[in-house]
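Student: Please choose a single part of this model and take me through it closely, residue by residue. I would like one connected account that I can follow with the coordinates open.

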Amino acid sequence: MKIGQIRWRNNEITAAVFDEKGARPIPEYTLQGLIERSEKEGVELSVLAGRRAASHHEDAAPIIPIHPREVWACGCTYEMSASFRDAEHGTREGFYAYVYREPRPEIFFKGTARVCVGPNKGIGIRSDSKFTAPEPELAVILGAKGRVLGYTIANDVSAWDIERENPLYLPQSKVYNACLSLGPFIVTPDELTDPYQLDMNCTITRDGKTIFDGSTSTAKLGRKIETLVEYLYRANNVPSGSVLLTGTGIIVKEDAALAPGDVCSITVSGIGTLSNTAGLVE
Ligand code: DO4
Ligand code: MG
């Protein structure tokens with residue numbers, strides 16, 4: 001099942017089930033509210049959503065599928081991400097390859113709903129960055145105790161030049177206004193049965209011309225999702241309705257650094273396409 005959120009009656013954020021005919025609103029619930037209800041009643045999210053969704057369809061565009069309580073992100077989970085970062089980085093050889101190969105993954109705090117945007121909203125370029133790039137990633141929506149409730153697309157927009165200058169600047173390269181896009185839907189595990197066989201493509205379009213086109217497959221993800229979740233929850237009670245990004249396998253080089261007005265589109269098989277336009281943020 002594809003579930004997410006729309007703006008409905010009085011512009012209120014409302015959970016919805018999506019199919020080829022449109023969106024069936026789930027009155028009175030946001031997706032967070034629906035997750036809490038499903039956990040309280042011990043009913044699968046997709047079952048509860050199916051029961052509560054209106055029978056009619058609305059012609060409403062998907063907005064951000066969840067306003068996450070917390071977002072965490074894994075890094076260097078694809079060999080490509082680790083080797084490119086090591087090549088970029090002057091100070092310690094193998095710094096990134098280390099976390100790719102060692103049992104403990106890199107996990108960092110990406111923020112809260114405050115820094116997140118949904119489909120077709122603006123993603124941020126910091127005004128003090130000259131090399132900001134999209135990072136297309138598979139994201140998981142976490143329920144109580146790290147249960148995977150579904151999958152969506154994430155764009156871990158990152159100021160690479162700030163990270164490259166010094167690894168201690170990572171939080172500034174990663175966390176700022178509109179640094180993360182999520183959407184368009186969450187696909188529940190009964191529909192998306194194999195998260196390790198998803199094709200992923202990313203394009204950047206400038207003035208109608210494609211300036212970047214890259215692809216990967218989640219088959220190249222170097223970690224199991226349950227391992228990433230297990231490390232995240234060590235001594236850390238992440239609340240249900242949080243999101244975990246699984247890392248990027250597509251690397252955008254400096255010649256395609258995001259500029260204001262660029263359109264970045266990420267397509268993941270079985271989920272959909274997440275498009276956003278880049279803009280400067282102060
Ligand atoms: O170590 C820096 C961040 C890595 C990251 O965000 C990724 O690999 O996706
Ligand atoms: Mg990333």
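Tutor: Phe84, Phe131 and Trp160 come together as one aromatic cluster, and in this predicted model Trp160 offers a way into the part I have chosen, since Trp160 is among the residues touched by glutamate 135. The other contacts of glutamate 135, leaving aside residues up to four places away in sequence, include Arg85, Ala154, Asn155, Asp156, Lys174 and Thr248. Its side chain also makes a polar contact of 3.4 Å with the side chain of serine 158. Glutamate 135 itself sits in the loop between strand 8 (132-133) and strand 9, and because its relative accessibility is 3%, below the 20% limit, it counts as buried.

Glutamate 135 leads directly to the metal. The magnesium ion (ligand 2) has Glu135 (OE), Glu137 (OE) and Asp156 (OD) as its protein donors, at 2.0 to 2.1 Å, and along the sequence these donor residues follow the spacing E-x1-E-x18-D. Two of them bring distant parts of the chain together, for glutamate 137 belongs to strand 9 (residues 136-142) and aspartate 156 to strand 10 (residues 148-156), with these positions 19 residues apart in the numbering. Glutamate 137 is buried because its relative accessible area is 1%, under the 20% limit, and aspartate 156 is buried for a like reason, its relative accessibility being 0%.

The donor residues also bear on ligand 1. This ligand is surrounded by 16 residues, of which the closest are Cys76, Ser81, Glu106, Glu135 and Lys174, so that Glu135 appears in this list as well as among the magnesium donors. The oxygen atoms of ligand 1 can be followed from one acidic side chain to the next: an oxygen lies 2.8 Å from an N or O atom in the side chain of glutamate 106, an oxygen lies 3.0 Å from such an atom of glutamate 137, and an oxygen lies 3.2 Å from such an atom of aspartate 156. Taken alone, ligand 1 would expose 280 Å², and the protein buries 99% of that area.

To return to the aromatic residues, a search of the whole structure finds five aromatic pairs. In one of them, the ring centres of tryptophan 72 and phenylalanine 109 are 4.9 Å apart and the planes meet at 65°, so the pair is edge-to-face. This pair, too, links distant parts of the chain, with tryptophan 72 in strand 4 (residues 71-75) and phenylalanine 109 in strand 5 (residues 106-111), 37 residues apart. Tryptophan 72 is buried at a relative accessible area of 16%, whereas phenylalanine 109, at 37%, counts as partly exposed. Phenylalanine 95 and tyrosine 96 also form an edge-to-face pair, because their planes lie at 75°, with the ring centres 5.3 Å apart. Here phenylalanine 95 is partly exposed at 30%, while tyrosine 96 is buried at 6%.

How values were computed:
Residues numbered from 1 in each chain as written. Chains lettered and ligands numbered in written order. Predicted model: local features only at pLDDT ≥ 70, side-chain atom pairs only at ≥ 80, totals over all residues. Heavy atoms only, no water. Donors = N, O, S within 2.8 Å, 3.2 Å for Na, K, Ca; no water. Helix = DSSP H or I, 4+ residues; strand = E, 2+ residues; numbered from the N terminus. Buried < 20%, exposed > 50% of the residue type's maximum accessible area, 1.4 Å probe, protein only. Polar contact = N/O pair within 3.5 Å; in protein donor to acceptor, adjacent residues only side chain to side chain. Contact = heavy atoms within 4.5 Å. Near = heavy atom within 4 Å. Areas by Shrake-Rupley, 256 points an atom, 1.4 Å probe, with all protein chains shown as cover. Phe/Tyr/Trp six-rings, centres within 6.5 Å; stacked < 30°, edge-to-face > 60°.
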